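Here's a quick briefing to read with the model open beside you. We'll start with one residue, then work outwards to the fold, the core and the pocket.

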Amino acid sequence: MLTVLNRTELLLTQSGEHFQAVQSALKSAGIDYAVKLWDPNFQSYDQATLGALGKPAAPEYVIYVNKKDADQARRVLSQVRAQRDAQGK
């Protein structure tokens with residue numbers, strides 16, 4: 001079980017596609033993870049529009065893993081990035 005005390009941040013991204021690829025790879029590797037989604041568009045109207053001049057901001061996805069699984073999770077993340085680079089994304 002992941003708690004605030006035993007977790008570490010693995011990934012912070014605004015790409016939903018990248019987030020899904022990493023999430024799928026972690027699941028396939030049997031690594032427990034937790035997700036935090038921050039969507040600035042759900043802020044109040046004034047806060048969301050003033051900073052970005054009315055343009056919707058992209059959500060941020062954060063993936064946390066257990067500290068004891070961090071090295072294995074980083075290897076999985078490296079593999080996902082290598083596959084992404086090979087595909088030219």
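Leaving aside its neighbours within four places in sequence, which residues is His 18 in contact with? They are Leu 11, Thr 13, Leu 77, Arg 81 and Arg 84. Keep in mind that this is a predicted model. The chain comes to three helices and three strands, and along the sequence they follow the pattern β-α-β-α-β-α.

**His 18 and Arg 84**

- His 18 sits in helix H1, and it counts as buried because its relative accessibility is 4%, under the 20% cut-off.
- One of its contacts, Arg 84, is found in helix H3.
- Arg 84 has a relative accessible area of 28%, so it goes down as partly exposed.
- From C-alpha to C-alpha, Arg 84 and His 18 are 8.4 Å apart in space, though 66 residues separate them in sequence.

**The sheet**

- The three strands form an open sheet in the order S1-S3-S2, and the pairing is antiparallel.
- Strand S1 (7-13) and strand S2 (33-38) are the edge strands, each pairing on one side only.
- From one strand to the next, the twist averages 25°.
- S1 is joined to strand S3 (residues 60-66) by six bridges, with the two running antiparallel.
- S2 and S3 also pair in the antiparallel sense, over six bridges.
- If you want to check the register, Glu 9 stands opposite Tyr 64 in S3, and Leu 11 stands opposite Ile 63 in S3.
- For the pairing of S2 and S3, look at Leu 37, which stands opposite Tyr 61 in S3.
- S3 is largely enclosed by the rest of the structure, because six of its seven residues are buried.

**Glu 9, on an edge strand**

- Glu 9 lies in strand S1, which is one of the edge strands.
- With a relative accessibility of 44%, Glu 9 falls between the 20% and 50% cut-offs, so it counts as partly exposed.
- Setting aside neighbours within four places in sequence, Glu 9 is in contact with Val 62, Ile 63 and Tyr 64.
- Val 62 is 53 residues away from Glu 9 in sequence, yet their C-alpha atoms are 7.2 Å apart in space.

**How the helices pack**

- Helix H1 (residues 16-29) packs on the sheet and touches S1, S2 and S3.
- The direction of H1 makes about 20° with that of S3.
- Helix H3 (residues 70-86) lies across S1 and S3, and it runs at about 15° to S1.

**The nonpolar core**

- In soluble globular proteins, nonpolar side chains tend to be buried together.
- Here the largest nonpolar core has 15 residues, and the ones touching the most other members are Leu 10, Val 22, Leu 26, Ile 63 and Val 65.
- S1, H1, S3 and H3 each put in at least two residues of this core.
- H3 gives the largest share, with five residues.
- Val 65 is worth a click: not counting residues up to four places away in sequence, its contacts include Leu 2, Asn 6, Leu 10, Leu 26, Ile 31, Tyr 33, Ala 70 and Ala 73.
- Arg 7, Thr 8 and Asp 32 are also among the residues that Val 65 touches.

**The largest pocket**

- About how much space lies in the largest pocket? The figure is about 160 Å³.
- The lining has 10 residues, and the closest to the pocket's centre are Ala 21, Val 80, Gln 83, Arg 84 and Gln 87.
- H1 and H3 each supply at least two residues of that lining.
- Arg 84 therefore turns up twice in this briefing: it is partly exposed at 28%, and it is among the lining residues closest to the pocket's centre.

**The chain as a whole**

- Of the 89 residues in the chain, 28% are buried.
- Among contacts with a separation of 6 or more, 78% are between residues 24 or more positions apart.
- Two of the pairs above give you a feel for that: Glu 9 with Val 62, 53 residues apart in sequence, and Arg 84 with His 18, 66 residues apart.

Definitions and conventions. Residues are numbered from 1 along each chain as its sequence is written. This is a predicted model: local features need pLDDT of at least 70, side-chain atom pairs count only at pLDDT 80 or more; totals for chains, interfaces and linings use all residues. Side-chain values use heavy atoms; hydrogens and water are left out. Two strands pair if DSSP finds at least two bridges between them. Helices (H or I, at least four residues) and strands (E, at least two) are DSSP runs, numbered from the N terminus. Axes are lines fitted to C-alpha atoms, for helices over the stretch in contact, and angles run from 0 to 180 degrees between N-to-C directions. Contact means heavy atoms within 4.5 Å. A nonpolar core is a set of buried Ala, Val, Leu, Ile, Met, Phe, Trp, Tyr and Cys residues joined through side-chain atoms within 4.5 Å. Buried means under 20% relative accessible area, exposed over 50%, partly exposed in between (1.4 Å probe, protein chains only). On a 1 Å grid over the protein atoms alone, a cavity is a set of points where a 1.4 Å probe fits but cannot get out, and a pocket is an open set with protein on both sides within 12 Å along at least five of seven lines; lining residues have an atom within 4 Å of a point. Grid points are joined across faces, edges and corners, and a volume is the space filled by probe spheres set on the points.
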